[in-house]
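Work through three short exercises on the structure shown here. Try each task before reading its solution.

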Amino acid sequence: MMKLWNRTLAIWCFVFVGAGSGMLACSGGNPVTPIAPETVSNLAVTTVQSSSAPDSLEAVGTVRAARTAEISSQSMGNIVEMRAQEGDHVQSGQVLAAIDDARLRASLQQSEAALTAAHNAVSSAETELSLAQSTLKRYQQLFDKKSVSPQEFDEIKTRSQAAEARRDMARAAEEQAAAGLAQAKTALDNTQVHAPFAGVITEKKAEAGAFASPGMSLFTLEDATRYRLEATVDENDIRVVRPGEAVPVQLDSIEGAAIRGKVAQIVPAADAASRSFLVKIDLPADGKLLSGLFGRAYFVRGTRTAVFVPRTAIIERGQLRGAYVVDANQIAQLRYVTLGDTSGEKVEVRSGLQVGEKLVAAPGERELGGKKVAPRP
């Protein structure tokens, strides 16, 4: 039994030794040498550092005109003409639409005729009153001399009083006719729809031939000289917003630096659904401003510690942003990062980098991933 075990052990030893010799023979007896990475020389390398930065509250909102008017018809009738289109700049008092005025012109003529008749009636009543008063004066003298009876004097006095009453009634009718004429003129004027202030037409809501009625909206007019950003701020952050405060505003559709706005109003009631307040921020005059633009306002809450790197260290890969990090072996590896605010020639990195790490300061368009970096002296 012992002999059989020794023989089996010897066979296995032979197999392992032979296999090892074969492998050593196939490899030629020399270990594999790794390929050295390519070296890129004269590159500027910077160290990631932290610094103090403003802690800002970002509030998103929509640009709207500070003054907007829904221009409605005040008359009833067919629209004869629409004299303004979307995008037209109009002046205060300019006629924007005309409504059929034939019926109202006829009414105006009737009112003018009624006023003329009232004038004539007043003139006749005043003549009659003047005669009655003269007669009463003569009878007063005769009555004082006992030349007429009291009954005759009372009849003349009553006639004078009646003439005065008719004169007063004629004058009241004249005033009523004058008011009717003024009303007819106003109604006729309302067939011409005027712009209440200078601005731009942003919407036309009717066409010529349509039937207009009082209160029917025809145009939307905006004051193109004054715009505001209406932003929402959560109830927990409204304490950092102060009326009259100057705040930076960034509009996505307008390239360049942020513009300076001013908090004009904080609506004093929170929205029950979103638990947020509406903040209205006046914007400086700019021909690029339009209603409906998306914008962001930034309110300072204090300071915070942030990581900033040179803007030249950031490279773009499609929609992604990254930087080449240099490890302890001087090998560069691309690492994707999330960016924040920009401050001069530096940009904030909110995630992806740690303080103390080294970066290639200006990689440009070069592909440095896996290459060895020889820093610039």
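The exercises cover a loop residue, a sheet and a pocket.

This is a predicted model, where local features need pLDDT of at least 70, side-chain atom pairs count only at pLDDT 80 or more, and totals for chains, interfaces and linings use all residues. Residues are numbered from 1 along each chain as its sequence is written, and side-chain values use heavy atoms, with hydrogens and water left out.

**Exercise 1.** Place Ser73 and decide whether Ser73 is buried or exposed.

Solution.
- Find the loop: Ser73 sits between β4 (68-72) and β5 (77-82). Strands are DSSP runs (E, at least two residues), numbered from the N terminus.
- Check accessibility: Ser73 has 2% relative accessibility, so Ser73 is buried (under 20% relative accessible area, 1.4 Å probe, protein chains only).
- List contacts (heavy atoms within 4.5 Å). Leaving out residues up to four places away in sequence, Ser73 touches residues including Ile99, Ala212 and Pro214.

**Exercise 2.** Which strand order does the open sheet of four strands have?

Solution.
- Read the order: β8-β7-β5-β10, with antiparallel pairing. Two strands pair if DSSP finds at least two bridges between them.
- Find the edges: β8 (192-194) and β10 (211-212) each have a single partner strand, so one side of each lacks a neighbour in the sheet.
- Check one pair: β5 and β10 are antiparallel over two bridges. Gly77 is opposite Ala212 in β10.

**Exercise 3.** Which elements give two or more residues to the lining of the largest pocket?

Solution.
- They are β3 (49-65), β13 (246-251), β16 (294-310), β19 (332-343) and β20 (346-351).

Notes. Buried < 20%, exposed > 50% of the residue type's maximum accessible area, 1.4 Å probe, protein only.
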